[in-house]
Amino acid sequence: QKPGFPLTRPHPPVSISELSGRAAGLGGMTLRQLAARHDVAVPANQLRHKGWAGGLLELALGAESGSRPEPDFPALGVELKTLPINAQGKPRESTYICAAALDGRSQSWETSLVRQKLACVLWVPIEAAANLPLAERRIGTPFLWRPTSAEDRQLCKDWEEIMESIAVGNVDRLSARQGRWLQLRPKAANARARTPGFDNAGNPATTLPRGFYLRSLFTAQILAHRGGIQPDAAAAL
């Protein structure tokens, strides 16, 4: 349970259509209005409350996974992602997906948490111009998205290249520049944080925790083609 949010929340949606209906009802609301609906105080800023807007949307929509390694709506296989938008209507930053396993365990793209998280995403654009107070930021029109076959292949390619570097102990040499759409970046409160890994000789070692992120270039492309779920994925829902 995230600090500042009530324990009680709406029941998890039982279908994609119920989730879509709930999400559609949020479009046009300010974060102040949505927070008031759920009796949640709006922080003055996000410096000490990073992720607050996402937590508010999880509450409003009935997300239930919390920090567990699964999509936010596990019964539906849907992940919830906020998309902060600048004054020009472009994503302000890269989008965090999940923590990266750096212990060298064997994985495949098909069974990876990254792919599970990106199999179907409910994107919620939110105004995030630097001079706009948090409470006054308006929620855009949420939309469901599934990667096309071509997008899935490129994401797979990026993931495999990154995981290959991790597997041979070169995680500390990895740069955020690697990967066309998917990148690996440090994910820690400070440089003292450590997580299990191993060096290029195969010996156990510790390293800075890292996470997978989608580049803003890719989320801008998603936003530009936000006509809903792609035809080749609609049948799966």
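In this predicted model, strands S1, S3 and S4 make up an open sheet in the order S1-S3-S4, and their pairing is mixed. Strand S1 (79-85) and strand S4 (143-145) are the edge strands, and because each has a single partner strand, one side of each is left without a neighbour in the sheet. From one strand to the next the twist averages 35°.

**Pairing and packing in the S1-S3-S4 sheet**
- Strand S3 (residues 121-127) is joined to S4 by three bridges in the antiparallel sense, and among these contacts tryptophan 123 has phenylalanine 143 in S4 as its bridge partner.
- Helix H6 (residues 216-224) packs on this sheet, where it touches S1, S3 and S4, and the direction of H6 makes about 115° with that of S4.

**The S2-S8-S5 sheet**
- An open sheet of three strands follows the order S2-S8-S5, and its pairing is antiparallel.
- Strand S2 (95-99) and strand S5 (182-186) lie at the edges with a single partner strand each, so that one side of each has no neighbour in the sheet.
- Neighbouring strands here are turned against each other by 35° on average, direction ignored.
- S5 and strand S8 (residues 210-214) run antiparallel and are joined by five bridges, with arginine 185 having glycine 211 in S8 as its bridge partner.
- Helix H5 (residues 149-167) packs on the sheet through contacts with S5 and S8, and the direction of H5 makes about 40° with that of S5.

**Cysteines**
- Zero disulfides are found in a search of the whole structure.
- Cysteine 98 counts as buried because its relative accessibility is 5%, under the 20% cut-off, and cysteine 120 is likewise buried, with a relative accessible area of 0%.

Terms used. Residues numbered from 1 in each chain as written. Predicted model: local features only at pLDDT ≥ 70, side-chain atom pairs only at ≥ 80, totals over all residues. Heavy atoms only, no water. Disulfide = S-S within 2.5 Å. Buried < 20%, exposed > 50% of the residue type's maximum accessible area, 1.4 Å probe, protein only. Pairing = 2+ DSSP bridges. Helix = DSSP H or I, 4+ residues; strand = E, 2+ residues; numbered from the N terminus. Axes fitted to C-alpha atoms, helices over the stretch in contact; angles between N-to-C directions. Contact = heavy atoms within 4.5 Å.
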